[in-house]
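I opened the notebook to follow charged side chains through one model. My plan is to start from the record and then go pair by pair.

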Amino acid sequence: MTTEEVARELGHPGAQHLLSGSMARLAYNGHDGFPRVVPVGFYWTGERVVVSTASTAPKARALASRPQVALTIDGGSTPEEAKALLIRGLATLETVDGVTEEYLASARKDMDGPELAEFERNVRSTYRQMVRISIEPLWARFYDFGAGRLPEFLAALGG
């Protein structure tokens with residue numbers, strides 16, 4: 001997929017809506033060769049998806065040697081409302097002292113006031129270091145099942 005095609009998919013208003021969320025599913029290959037899919041909080045920078053984790057997390061160790069990932073962000077509770085953004089890309093890892101700014105920015109999407117202040121206090125006292133997993137999208141596809149924006153194999157079934 002070209003850079004322009006990736007940008008077009010990620011720029012779709014429905015994709016932008018999903019990217020404004022805070023939860024996704026990250027797929028990667030573990031050290032034993034088996035795939036993993038884990039729920040993660042994320043932050044969209046406008047160019048990259050950033051996931052933050054503890055420096056001791058198994059995914060950080062696995063991604064250091066195998067940086068290929070897939071990410072799914074979805075929404076909708078009925079088939080007519082179902083939307084999904086699929087991303088494949090490469091992860092770059094950076095260990096930082098304290099808490100990553102993206103981790104806190106993601107929390108700010110869902111919290112404010114005293115709740116956010118308490119969350120930040122707890123996080124800052126918990127993490128001495130974090131790993132910033134920055135995912136560069138190399139392939140992306142946005143599906144809106146209710147609007148008929150379907151995977152090609154499903155669209156072909158309709159004739």
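**Entry 1: the annotated domain.** I looked up the UniProt annotation, and the unreviewed entry gives "domain: Pyridoxamine 5'-phosphate oxidase N-terminal" for residues 23-135. I kept in mind that the model is predicted. I then checked the make-up of that stretch. Residues 23-135 are 27% helix and 46% strand. The C-alpha atoms at the two ends of the stretch lie 15 Å apart.

**Entry 2: the search.** How many salt bridges does a search of the whole structure find? I got 11. As background, I noted that side chains of opposite charge can pair when their charged atoms come close. I went through several pairs in turn.

**Entry 3: Asp-144 and Lys-83.** I found a salt bridge between these two, with the closest N and O atoms 3.8 Å apart. Asp-144 sits in strand E7 (residues 129-144) and Lys-83 in strand E6 (residues 83-97), so the bridge ties together parts that are 61 residues apart in sequence. Is Asp-144 buried or exposed? Its relative accessible area is 13%, so I logged Asp-144 as buried; the cut-off for that is under 20%. Lys-83 has a relative accessible area of 26%, so I logged Lys-83 as partly exposed.

**Entry 4: Arg-132 and Glu-94.** I found a salt bridge here too, with the closest N and O atoms 2.7 Å apart. Arg-132 belongs to strand E7 and Glu-94 to strand E6, so this pair joins parts 38 residues apart in sequence. I checked accessibility next. Arg-132 comes out at 18%, which means buried. Glu-94 has a relative accessible area of 41% and is partly exposed.

**Entry 5: Glu-120 and Arg-124.** This salt bridge has its closest N and O atoms 3.9 Å apart; the limit for counting a pair is within 4 Å. Where do the two residues lie? I placed both in helix H5 (residues 113-126), four residues apart, or about one turn of the helix. Glu-120 counts as buried at 17% relative accessibility. Arg-124 counts as partly exposed at 47%.

**Entry 6: the network.** I asked which residues are linked with Glu-120 and Arg-124 in a network of salt bridges. Glu-101 and Arg-108 are the ones I found.

**Entry 7: recap.** I have two bridges between strands E6 and E7 on file, Asp-144 with Lys-83 and Arg-132 with Glu-94. The bridge from Glu-120 to Arg-124 lies within helix H5.

Methods. Residues numbered from 1 in each chain as written. Predicted model: local features only at pLDDT ≥ 70, side-chain atom pairs only at ≥ 80, totals over all residues. Heavy atoms only, no water. Salt bridge = Lys/Arg side-chain N within 4 Å of Asp/Glu carboxyl O. Buried < 20%, exposed > 50% of the residue type's maximum accessible area, 1.4 Å probe, protein only. UniProt positions renumbered as here; feature names shortened; annotations may be inferred.
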